[in-house]
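Me: I'd like a close look at one part of this model, and then how it fits with the rest. Please keep it brisk.

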Amino acid sequence: MLPEVDLNKVMLKNIRRSINPGGHVAIVMPSLESFFYSGWRLIEWCNRQNEEVDMSDLSGFKGTKMDLIQGIVRIDGVKTKHYLETELTVLFTEAGFTDVVIHKVEYDWTSEFSSPPKWMKEPYPWDWLIEAKSVRA
């Protein structure tokens, strides 16, 4: 998603307009909860090895407080909007969707770390899969 939150709202409304009333969408969006969870697991990993946390490994957290509060983080240096589950419910409803259902799409830890330790198991990092129905014209 774009780092410009308002443009993402416009995109959702345009998606809804392009779907016939009663039509459904399935969209995958980055999870802010998972982003923070992965950072927490990285710190835990360093602590278990009695190593200091390499702050370059937490480069996604570099940004203004306003960016972090809005879920705008850096992935490989690129600002990317991540969403809270409750935020997605509000956004899809405001865009004219109903029957909004949100699921986790889990990924292996190798999606976050090149060589994760064997003890790092469930819960895994995830994105949000949003299923919704268009009812407004």
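Is R41 buried or exposed, and what is its relative accessible area?

Reply: R41 is buried, with a relative accessible area of 8%. Buried means under 20% relative accessible area, exposed means over 50%, and partly exposed lies in between (1.4 Å probe, protein chains only). The areas come from the Shrake-Rupley method with a 1.4 Å probe, and for residues only the protein chains shown count as cover.

Some ground rules. Residues are numbered from 1 along each chain as its sequence is written, and side-chain values use heavy atoms, with hydrogens and water left out. The model is predicted: local features need pLDDT of at least 70, side-chain atom pairs count only at pLDDT 80 or more, and totals for chains, interfaces and linings use all residues.

Start with the partners of R41. It forms a salt bridge with E44, and the closest N and O atoms are 2.8 Å apart. A salt bridge here is a side-chain nitrogen of Lys or Arg within 4 Å of a carboxyl oxygen of Asp or Glu. E44 and R41 are 3 residues apart in helix α2, so about one helical turn separates them. Helices (H or I, at least four residues) and strands (E, at least two) are DSSP runs, numbered from the N terminus. E44 counts as buried too, because its relative accessibility is 19%.

E44 has a second partner. Its side chain meets that of R48 in a salt bridge, 3.4 Å from N to O. R48 and E44 also share helix α2, 4 residues apart, which is about one turn of the helix. R41, E44 and R48 are thus linked in a network of salt bridges.

The whole count comes to 4 salt bridges. Another one of them joins D67 and K79, with the closest N and O atoms 3.3 Å apart. D67 lies in helix α3 and K79 in strand β3 (residues 78-81), so this pair ties together parts that are 12 residues apart in sequence. D67 is buried at 12% relative accessible area. K79 counts as partly exposed, at 34%.

Now the rings. Helix α2 (residues 32-48) also holds F35. A search of the whole structure finds 10 aromatic pairs. Rings of Phe, Tyr and Trp (its six-membered ring) pair if their centres lie within 6.5 Å; planes under 30 degrees apart count as stacked, over 60 as edge-to-face, and the rest as tilted. In one pair, the rings of F35 and F61 have centres 4.6 Å apart and planes at 40 degrees, so the pair is tilted. It links distant parts of the chain: F35 is in α2, while F61 sits 26 residues away in the loop between α2 and α3 (65-70). F35 counts as buried at 13% relative accessibility, and F61 as partly exposed at 26%. The rings of F92 and F97 make another tilted pair, because their centres are 5.4 Å apart and their planes lie at 50 degrees. F92 and F97 are both buried. There is also a cluster: ring pairs link Y37, W40, W45, W109, F113, W126 and W128.

Two lysines meet rings. The charged end of K104 sits over the ring of W126, 4.0 Å from its centre. A charge sits over a ring if NZ of Lys or CZ of Arg is within 6 Å of the ring centre and within 35 degrees of the ring normal. The charged end of K81 sits over the ring of Y83, 4.3 Å from its centre.

Next, the interior. The largest nonpolar core has 23 residues, and those with the most contacts inside it are L12, V25, M29, L88, F92, F97 and I130. Such a core is a set of buried Ala, Val, Leu, Ile, Met, Phe, Trp, Tyr and Cys residues joined through side-chain atoms within 4.5 Å. At least two residues of this core come from each of β1 (24-30), α2, α4 (85-94), β4 (97-106) and β5 (126-134). β5 gives the most, with 4 residues.

Last, the overall frame. The protein has 4 helices and 5 strands. From the N terminus on, the elements run α-β-α-α-β-β-α-β-β. The C-alpha trace spans about 60 × 30 × 20 Å along its principal axes. Of the 137 residues, 36% count as buried.
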